[in-house]
Amino acid sequence: MENRFTFRDLIYVTILIVFVISVWVKMRQDDRQWEVLQQIGQKLDAQTRDLREINQKLKSGVAVNTGEQTPPTSDTNDAFTRLRKIKAENPDYALGDWLVDSFSASPATLTPNVPSADAYTTILGNKVLECLVTRDPETWEWRGLLAESWEMVDQSAAWKEYFAKRRAVPLTEEEIRKEVEFPDDDAGEVKQQAYISKRMFEGRRALDVGAEADCPPAMTCTFKLRKGVVFSDGEPFDADDVVFTAKWIQNPEVAVPRARSAFVEVKNVTRKSQYEVEFTFKRPYFEAFVVAGTIEILPEHFYGKYTPQEYNSATGLLMGSGPYRLPDPTNWSPGKPLELLRNERYWGEPGPFDKIIYKVIEKDPVQIQAFKNSEIDMYAANEPETAKVLLADKNVMSKAEYLEFLSIRTGYMFIAWNQQRNGQATWFADKDVRKAMTMLIDRQKLCDQVFQGKAVQTSGPFNELGEQDDPNISPWPYDPKAARELLKAKGFEDRDGDGLLEDPDGKPFRVRVSYPAPSDVYDRVFLFIKDNMARGGVALDLDPSGWPLMMKKLNNRDFDAIALNWTAGIETDVYQMFHSSQTADEADNFMLYRNYELDKLIDAARESLDEKNRMAVWKQVHRIVHEDQPYTFVFRRKSQFFYDKRVKNVYITKSGLNYVGYWIMPMEYYVPSALQKRGQ
């Protein structure tokens, strides 16, 4: 019997399709309604908690902070001036929608400043925690955030007078021994004795004198704080939270070595009144205001509940006064979703998005596909070839915008050569060996071929667009012949004719370089460098490592060489990377590089309040670091940034983009109501 598809069958199929679509639409509506109900429920819960807290305080006779805030004004020092102008000039400005970004790895922790914190931790933290001040991304002027106003007082004249008297008092040998930790071997003992002999005639250093109780502070910075600010749980912010944060960072039991290194010049942080706090400094310090103003404030009532040991080991302690908050500020752990909700209690201009989501997408091709599918809203191209492919894709560019830039905040990739391991000096304790390693790498070809001209060579730690950089210094050239001569002078020769150099003891010159994984960029870079090294007689073993393992290697100083990226700034303080004092604990001089002449220059630059003089000293720092090559400075990369067209007000400023994850400022992106598609 012949099977026929009749008109009646068509009607049945059509009805069935309409029914299925109706069910699907109803389910989508239910899901959206459920999400809205959840958000309403969260707001009601927060309001209920607030009312309960107010009621309890009233019953106990405690005066209640009703949340009456000192709202941002149109003052030029207000951090929200730009945002208010954007809202006034763009009639389509709206709150709502979700912003979805991606990370190539899950952060190991969200707890601020601990050693396992990484760039991803910083990106999330900058939306939850707030500072006293922030910078305008175009003018670089300071704007008030948690602080309404501030006053800097230079007391260096009184400090210098005190210092001159105390400097004449010689240090004891025991005091000098405590200044610097030398390797525990014969060479270290000889260096230490020479150092002691020299220091006996130098008198007391500024840092020693500045720490003395009766020494007048060299600088004082006083902030008047904004009233009515509350943290995301409703508790009020005041001077006690600023003082607590400072003391927490300075507590040696709290594992925050990077933050503590920035605070090394801070003498005291004092509560002058409920809404006034004073920072005093041990000696003149060019970044005194930056250190005081950009400290991320931790709520005392929240973090004060934890012991230093509990804080150090926790992975998800994140609460602040910022425009966004974690759904649960205590229990995040690696592998859990990375989501931020708008802080409905926020005191300032509200965050533009209801939710910000960071998807962990390890592989670059998967990130690219996610951007093509509109699963993520922005994509920073790791490979120039990828950017070319996307730019040529009409479907992608019909819904995406593209920006390319190199700014003063563009950082650099480096290879750090470990100079001491297990108490013993390594090959890289010799600066000529380090210099030879740099000269074996064809960095210009790397920029031209691997990055298709979207990267530039660099000669040191200071961005070429800034004033610290010495323009007369050129990167070390690619010169394998000269590099081999340097190594030969140090006893490295190919003694058995296998193409590989051996050291004076006959040990093959084999180096294991560790770098973050997974990363297609690092893989490509080090396959290129491995080939360069092989031609120079050095065997380079590649050791791509996940971030937790990388942190372990760094903190234990357990590596031959390690590659990472540092970000840059308008003026970069290299104390934490290159000062000899930062070899201790888990600080960032993890390659154990020591140059005491460089220490003096870094100290002098940090003490100078005269910008012209300071820039001249930074140029000397640049010259020594260039000569010593504690790092091989590989390149700076241009940013190639794609974003969904529905996200508005994204543009390039003097600082780079007008908002990026590392830049602490009000978020200026938004999605007009007509283009919103998530969370509705």
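Which strands does helix 13 lie across? The views below show this predicted model, where local features need pLDDT of at least 70, side-chain atom pairs count only at pLDDT 80 or more, and totals for chains, interfaces and linings use all residues. Residues are numbered from 1 along each chain as its sequence is written, and side-chain values use heavy atoms, leaving out hydrogens and water.

**View 1. Three strands form an open antiparallel sheet.** The order is 11-21-12. Strands (E, at least two residues) and helices (H or I, at least four) are DSSP runs, numbered from the N terminus. Two strands pair if DSSP finds at least two bridges between them. Strand 11 (378–380) and strand 12 (400–405) each have a single partner strand, so one side of each lacks a neighbour in the sheet. From one strand to the next, the twist averages 15°. Strand 11 pairs with strand 21 (residues 639–644) over three bridges. Tyr379 stands opposite Phe642 in strand 21.

**View 2. Helix 13 and the sheet.** Helix 13 (residues 364–372) lies across strand 11, strand 12 and strand 21. It runs at about 145° to strand 11. Axes are lines fitted to C-alpha atoms, for helices over the stretch in contact (heavy atoms within 4.5 Å). Angles run from 0 to 180 degrees between N-to-C directions.

**View 3. Helix 16 packs with helix 18.** Helix 16 (residues 431–439) and helix 18 (residues 480–489) pack at about 160°, with axes 8 Å apart. They are therefore roughly antiparallel (over 145 degrees). Among the residues that meet are Met439 in helix 16 and Leu486 in helix 18.

Terms used
Angles under 35 degrees count as roughly parallel, over 145 as roughly antiparallel, 65 to 115 as roughly perpendicular and the rest as oblique.
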